[in-house]
Amino acid sequence: MLQTAMFLLFGIFSFTLLAGTTFKLVRFLSTQPDQEYVIKDSSNLVMIVVDFCLLLLFMVQHSVMTSKSIKKELWPLCKPLYRTLYTISTCVALQTLMYFWQRTDISLWLINTEDAPLTSLFFTLVQIFCWMILFLENTLTEPFFLIGIKQLYNHIQGYRSPKRFFSRQFQELLSHMPHPGTTCFILILWVFPIMTLDRWLLATVLTMYMCKSYSVTHQDYLYTEQQIQTAEYVTMSTSTTITE
């Protein structure tokens, strides 16, 4: 009973932390920094070094927690909690990055959107559209499994690991593409009216990291296409049945 309560509280804490971190990340990436209030206590070079160290911390955390050797060592100790621990550690790494991030006053490009409403609308719509697609893709790809809630629920109920119910093709897809919506995230990083030096560093490093980490194969594309065709067929069959 005590273990069940602890797992339940652990899951609630993980989900709450993830929601708060996601909200803060949206603001961090999609709102324009006010250059008039940028606190500059050191040179741009020092600030860039600090930012790079923060990015390095995030990438090390992400890579270590997803490495097979670490999983093999920690899995026997915290079987149902591993994915939740991964979610919490990722949120802590992101919160640390955003809190200590240093904004520079050097801009690689600066597009004036105050006097150009159509330009401002374009960038706003791109950000909104990409975030919507990103959230939708994650919602359609077992979101509660990805954040570890489903593992905790199955353990509390005495069920087998949810991964056992996934097809081999889906498991391979998850291993090759752990986070859906890579293209949308890259657009969020780069399609922005103000490209300061620190944002350029953020966009460059994260783009390279994501492209290197993802290894989607041709078989994954065929599996995804098959699933889309199946979903379309089921939708059409349901609509035909309702009409009749």
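Helix 4 has 19 residues and reaches 27 Å from its first C-alpha to its last, close to the 27 Å expected at 1.5 Å a residue. The model that holds this helix is a predicted one. Buried positions recur along helix 4: Tyr82, Arg83, Thr84, Tyr86, Thr87, Ile88, Thr90, Cys91, Ala93, Leu94, Leu97 and Met98. Thr84 belongs to this helix, which covers residues 82-100. The relative accessible area of Thr84 is 0%. Thr84 is therefore buried, as that value is under 20%. Beyond residues up to four places away in sequence, Thr84 touches Phe10, Ser14, Ile147, Gly148 and Leu152.

The protein as a whole contains eleven helices and two strands. Read from the N terminus, the order of elements is α-α-α-α-β-α-α-α-α-α-β-α-α. The protein has 244 residues, and 34% of them count as buried. Among contacts with a separation of 6 or more, 81% join residues 24 or more positions apart. The exposed area of the protein is about 15600 Å². Carbon and sulfur atoms supply 68% of that area.

Helix 2 was examined next. Its 23 residues reach 33 Å from first C-alpha to last, close to the 33 Å expected at 1.5 Å a residue. The buried residues in helix 2 are Asn44, Met47, Ile48, Asp51, Leu54, Leu55, Phe58, Met59, Gln61, His62 and Met65. One of these, Leu54, is found in helix 2 and has a relative accessibility of 10%. Leu54 counts as buried because this value is under 20%. Outside its neighbours within four places in sequence, Leu54 is in contact with Thr96, Leu97, Phe100 and Trp101. Leu54 and Thr96 are 42 residues apart along the chain, yet their C-alpha atoms are separated by 7.7 Å.

The largest nonpolar core has 28 residues. Within it, Leu29, Leu55, Leu97, Phe185, Leu189 and Leu202 touch the most other members. At least two residues of this core come from each of helix 1 (2-30), helix 2 (44-66), helix 4, helix 5, helix 9 (182-190) and helix 10 (197-213). Helix 10 gives the most, with seven residues. The 17 residues of helix 10 should span 24 Å at 1.5 Å a residue, and its end C-alpha atoms are 24 Å apart, so the two values agree. In helix 10, the buried residues are Asp198, Arg199, Leu201, Leu202, Ala203, Thr204, Val205, Leu206, Thr207, Tyr209 and Met210.

Contacts of two residues, Leu189 and Ile186, were then listed. With neighbours within four places in sequence left aside, Leu189 is in contact with Leu29, Met195, Arg199, Leu202, Ala203, Leu206, Thr207 and Met210. Ile186 is found in helix 9. On the same basis of leaving aside neighbours within four places in sequence, Ile186 is in contact with Thr207, Met210 and Cys211. The C-alpha atoms of Ile186 and Ala203 are separated by 7.4 Å. Along the chain, Ile186 and Ala203 are 17 residues apart.

The surface also carries nonpolar side chains. Leu118, Leu121, Leu125, Ile128 and Met132 form a nonpolar patch there. Together they have about 530 Å² of accessible area. Met132 lies in helix 5, which covers residues 117-139. The relative accessibility of Met132 is 54%. Met132 counts as exposed because that value is over 50%. Helix 5 also supplies at least two residues of the largest nonpolar core.

Notes
Residues are numbered from 1 along each chain as its sequence is written. This is a predicted model: local features need pLDDT of at least 70, side-chain atom pairs count only at pLDDT 80 or more; totals for chains, interfaces and linings use all residues. Side-chain values use heavy atoms; hydrogens and water are left out. Helices (H or I, at least four residues) and strands (E, at least two) are DSSP runs, numbered from the N terminus. Buried means under 20% relative accessible area, exposed over 50%, partly exposed in between (1.4 Å probe, protein chains only). Contact means heavy atoms within 4.5 Å. Accessible areas come from the Shrake-Rupley method with a 1.4 Å probe; for residues, only the protein chains shown count as cover. Patches are made of residues with over 30% relative accessible area and no salt bridge: like charges are joined within 9 Å, nonpolar side chains (Val, Leu, Ile, Met, Phe, Trp, Tyr) within 5 Å. A salt bridge is a side-chain nitrogen of Lys or Arg within 4 Å of a carboxyl oxygen of Asp or Glu. A nonpolar core is a set of buried Ala, Val, Leu, Ile, Met, Phe, Trp, Tyr and Cys residues joined through side-chain atoms within 4.5 Å. The expected span of a helix is 1.5 Å times one less than its number of residues.
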